[in-house]
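Trainee: I would like a close look at one part of this chain, taken slowly and set in its surroundings. Please have the structure open while we talk.

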Amino acid sequence: MLDLRAPLIPICAGVGLALGATAWLAAGRQDVLAPAQDRLAALHVFSAKRGLESDPPSLSGPPLFALSTGPNAVRDPAVAMLGVSRMPGRAAALLAIDGKPPAWLALGESRDGVVLRDVGSGRAALDLPLGVRTLRIGEATPVAPGGPIASNSASSAMPMSMSGDLPPPGFRSPPPPASAPGFGG
């Protein structure tokens, strides 16, 4: 029985579509689109003739793409991440930017061309002029040639214990595991 009804399925779909379109056109209101058409008519159309009479556009604005090579290249600021704070409703990172004293930067806040995009467990995603970088606590972006001088770099703002693999001052290691009784001496 199913074999006899199978060819009727596409025919019924087409007939249903045609009946639905006819009912929509017959019962549809023509004034539904009137507000949208009025708003479109109120828009000002740009005329090429009118554009030529005005002043030419200025090309002295900021560039669309950052120049990454050459003498006038845009460079990422030297950023060192010194700490992270995560609380319900607030996240921030302690950053030293271009050798300045460390300062807390809240999520979404911008300072000296650095935007804090995300704060995770011991890491932060920063939006820099040349792209997004993820730094962990104690890491710093490399200082580009022509950037701040080495003695004033952001990495010098980090304490010596954070620049290497040494634990911070006052850190106590966990106790050694207890040996199981009766196994060895």
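Over how many bridges do E1 and E2 pair, and in which sense?

Mentor: E1 and E2 pair over eight bridges, in the antiparallel sense, and since this is a predicted model, what follows describes the model as computed.

It helps to place these strands in the chain before looking at them closely. The protein chain holds five helices and seven strands, and read from the N terminus its elements run α-α-α-α-β-β-β-β-β-β-β-α. Of its 185 residues, 17% count as buried, while its accessible surface comes to about 14,300 Å², with 63% of that surface belonging to carbon and sulfur atoms. Among contacts between residues at least 6 apart in sequence, 39% join residues at least 24 apart.

The pair you ask about belongs to an open sheet of three strands, ordered E1-E2-E3 and paired antiparallel. Its edge strands are E1, which covers residues 79-87, and E3, which covers 103-106, each of them pairing on one side only. Neighbouring strands of this sheet are turned against each other by 30° on average, with direction ignored.

Now to strand E2 itself, which spans residues 90-97 and is joined to E3 by four bridges, the two strands running antiparallel. Strand E2 is mostly covered, with seven of its eight residues buried. A useful residue to follow is Ala93, which has Val84 standing opposite, and whose bridge partner in E3 is Leu105. Beside it in the sequence, Leu94 stands opposite Trp104 in E3.

The two hairpins deserve a look as well. The hairpin of E1 and E2 has two residues between the strands, and in this hairpin Gly89 takes a positive phi near 85°. The hairpin of E2 and E3 has five residues between the strands, and here Asp98 takes a positive phi near 50°.

If we return to Ala93 and leave aside its neighbours within four places in sequence, the residues in contact with Ala93 are Met81, Gly83, Val84, Ala103, Trp104, Leu105, Leu116 and Ala124. Two of the names in that list, Met81 and Leu116, appear again, together with Ala93, among the residues with the most contacts inside the largest nonpolar core. That core has 14 residues, and the others with the most contacts inside it are Val79, Leu95, Val114 and Leu126. The elements that give two or more residues to this core are E1, E2, E5 (114-120) and E6, and the largest share, four residues, comes from E2.

Since E5 and E6 contribute to this core, the second sheet should be kept in view. Four strands form this open sheet, in the order E4-E5-E6-E7 and with antiparallel pairing. Its edge strands are E4, made of residues 110-111, and E7, made of residues 131-136, each pairing on one side only. Strand E6, which runs over residues 123-128, pairs with E7 in the antiparallel sense over six bridges, and within that pairing Leu126 stands opposite Arg133 in E7.

To draw this together, Ala93 lies in the pairing of E2 on both sides, opposite Val84 and bridged to Leu105 of E3, and Ala93 is also one of the residues with the most contacts inside the largest nonpolar core.

Definitions and conventions:
Residues numbered from 1 in each chain as written. Predicted model: local features only at pLDDT ≥ 70, side-chain atom pairs only at ≥ 80, totals over all residues. Heavy atoms only, no water. Pairing = 2+ DSSP bridges. Axes fitted to C-alpha atoms, helices over the stretch in contact; angles between N-to-C directions. Buried < 20%, exposed > 50% of the residue type's maximum accessible area, 1.4 Å probe, protein only. Core = buried A, V, L, I, M, F, W, Y, C linked by side-chain atoms within 4.5 Å. Contact = heavy atoms within 4.5 Å. Areas by Shrake-Rupley, 256 points an atom, 1.4 Å probe, with all protein chains shown as cover.
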